[in-house]
Structure formats: C-alpha cells, structure tokens
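Colleague: I have a new model open and would like to learn how to read its features. Could you walk me through it?

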Amino acid sequence: MAEDGRARTREFFTERAAGWEARFPDDGPAYEAAVAELGLRPGDAVLDAGCGTGRALPALRAAVGRRGTVLGFDLTPAMLEQAVSAGRHRHALPAVADVMRLPLRDGGLDAVFAAGLLSHLPDPAGGMRELGRVVRPGGRLALFHPVGRAALAARHGRAVAPGDLRAEPNLRPLLEAAGWRLTSYADEDRRYLALAVRL
C-alpha cells in the first residue's frame, strides 16, 4: 500500500514538474521568510525534505554558509531535473530519496525544512518519525506551505477537511508521538508554517 502511495506521488509530480515554477512564480519570498524562521546557523546541516524544484535551497545555503551542508531530497526525478535546470543544485546536494527511508545516519542533521510534504506522505506519522531519527536532539523542523490551509483548499475547490493533519489540534499530537515538540504555528492566508524542536 505504501509503495502504491509513493508511485502515485511520483506520477503526480512527474506530470507537473515542467510547469511547476510557472504555476507558482511568486512564492520565492515566502520560502525565504520561512527559512529565516527556522533559525539556522552557519555550519549547520539541513535537509530540504521533498525539495521539489529546489525553491528553498538558495535560502538554506545562505543561512548555513559555505561550511554548512544542504541536502535536497525528492522522490520525483523530474522535479530534481527542474531544480538543476534552475541552477539550484549549486546550493545543495540534490538526490532522489524517499523521506520514509532516508539514507542518513541517526542524529546527523541540525534541521529539516519540508514544504508541502505532510499531505503527500503515505504514512505521515512514520514520516515524522523518520525525520526525527535523522535530526539531533534540540534540532528543528519547519513544515511550510506558501499559502494557508483555507487558501489551499479554495484553490482546489473544496473546504478545509476537519481531519486535516496540518490543523494544529491534529498536528501537535502527531509530532509529539514522533519525538517533536510544536513550538510555533501559523495558518494564515499567505503562509502556513509549523515549527518544532526534536526532543
């Protein structure tokens, strides 16, 4: 079942990869602002989990500096090809990788940035546990989207579902069960940003 979910996600993004940037041309400043709130320091190691076309990678590199490490992992090769075409591979080490089975050692990262990731995971609880596995205690997580839940639902012609995992009452226990503590939550028209700390 999980493999079916991965295949659907890969198919969904493969079909949209070439036009992804054109669909959302004005999101760059929102990514930069979200990265700034993650609180990265020079020399940190950070993963952009589900990096897509790599819009966060330049801001992540600027935050950690030349001595830092920026990884950009995505399940869909076509999205990473767009990141390379845009030159964003110069800011990170991009690779095809599954967020549910990261090729990283335990506790090796200082932070994870994840834009639009949660709703595409076949097992959100397992995905949050896996992200927690690779982040050191005290490390940070940013779950981001350039528009809030209501705006995103309206974009797709539907109402916000009460069971939406991104809603604060649902997200907080999900993260806690995976070893994270939610420290900040914003769900506004022009951004969604949940910040957490690794316990």
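Modeller: Let's go through ring pairs, helix faces, a strand proline and a cavity, keeping in mind that this is a predicted model.

Colleague: Let's start with the rings. How many aromatic pairs does a search of the whole structure find?

Modeller: The search turns up six aromatic pairs. One of them joins tyrosine 31 and phenylalanine 113, with 6.3 Å centre to centre and 45 degrees between the planes. To name the geometry you look at the plane angle: under 30 degrees is stacked and over 60 is edge-to-face, with the rest called tilted, so this pair is tilted.

Colleague: And where do tyrosine 31 and phenylalanine 113 sit along the chain?

Modeller: Tyrosine 31 is in helix H3 (residues 28-37) and phenylalanine 113 is in strand E4 (residues 109-115). They are 82 residues apart, so the pair links distant parts of the chain.

Colleague: Are tyrosine 31 and phenylalanine 113 buried or exposed?

Modeller: Both are buried. Tyrosine 31 also pairs with phenylalanine 144, and that one is edge-to-face, at 4.9 Å centre to centre with 70 degrees between the planes. Again distant parts of the chain are linked: phenylalanine 144 belongs to strand E5 (residues 135-145), 113 residues away from tyrosine 31.

Colleague: Why do tyrosine 31 and phenylalanine 144 count as buried?

Modeller: The label goes to anything under 20% relative accessible area. Tyrosine 31 is buried because its value is 7%, and phenylalanine 144 is buried because its value is 2%.

Colleague: Which residues form one aromatic cluster?

Modeller: That would be Phe12, Phe13 and Trp20. Phenylalanine 12 has a charged partner too: arginine 16 lies over its face, 3.7 Å from the ring centre.

Colleague: On to helices. How do I tell whether H3 has a buried face?

Modeller: List the buried residues, then look down the axis. For H3 the list is Tyr31, Ala34 and Val35. Viewed that way, they fall within an arc of 100 degrees, so they line one face of the helix. Pro29, Glu32 and Ala36 are exposed on the other side of H3.

Colleague: What covers the buried residues of H3?

Modeller: The cover includes helix H4 (57-64), E4, E5 and strand E7 (191-198). Check the backbone just after H3 as well: glycine 39 takes a positive phi of about 75 degrees there.

Colleague: Which residues are buried in H4?

Modeller: Leu57, Ala59, Leu60 and Val64 are. Their arc around the H4 axis is 160 degrees, so they too line one face of the helix. Covering them are elements including H3, strand E1 (45-49), strand E2 (69-74) and E4. Just after H4 comes glycine 65, with a positive phi of about 75 degrees.

Colleague: And what about helix H8, which of its residues are buried?

Modeller: In H8 (residues 168-177) they are Leu171, Leu174 and Leu175. They cover an arc of only 95 degrees around the axis, which puts them on the same side of H8. The face turned away from that buried side carries the exposed residues Pro169 and Ala177. The buried residues of H8 pack against helix H6 (124-134), E5, strand E6 (180-188) and E7. Glycine 179 follows H8, and its phi is positive, near 95 degrees.

Colleague: Now for something in between. Why does proline 94 count as partly exposed?

Modeller: Because its relative accessibility is 34%, and partly exposed runs between the buried limit of 20% and the exposed limit of 50%. Proline 94 is in strand E3 (residues 93-96). Leaving out residues up to four places away in sequence, proline 94 touches Gly72, Leu80 and His89. Its C-alpha atom is separated by 5.9 Å from that of leucine 71, which is 23 residues apart along the chain.

Colleague: Last topic, cavities. How do you spot one?

Modeller: Rolling a probe the size of a water molecule over the atoms shows where empty space is left. In this model there is one cavity of 30 Å³ or more, and the largest cavity has a volume of about 100 Å³.

Colleague: What lines the largest cavity?

Modeller: There are 14 lining residues, of which Gly116, Phe144, His145, Arg166 and Tyr192 lie nearest its centre. The elements giving two or more residues to the lining are E5 and helix H7 (149-155). E5 gives the most, with three residues.

Note on methods: Residues numbered from 1 in each chain as written. Predicted model: local features only at pLDDT ≥ 70, side-chain atom pairs only at ≥ 80, totals over all residues. Heavy atoms only, no water. Phe/Tyr/Trp six-rings, centres within 6.5 Å; stacked < 30°, edge-to-face > 60°. Helix = DSSP H or I, 4+ residues; strand = E, 2+ residues; numbered from the N terminus. Buried < 20%, exposed > 50% of the residue type's maximum accessible area, 1.4 Å probe, protein only. Lys NZ or Arg CZ within 6 Å of the ring centre and 35° of its normal. Arc of directions from axis to C-beta. Contact = heavy atoms within 4.5 Å. 1 Å grid on protein atoms, 1.4 Å probe; cavity = no way out; pocket = protein on both sides within 12 Å on 5 of 7 lines; lining within 4 Å. Points joined across faces, edges and corners; volume = space filled by probe spheres on them.
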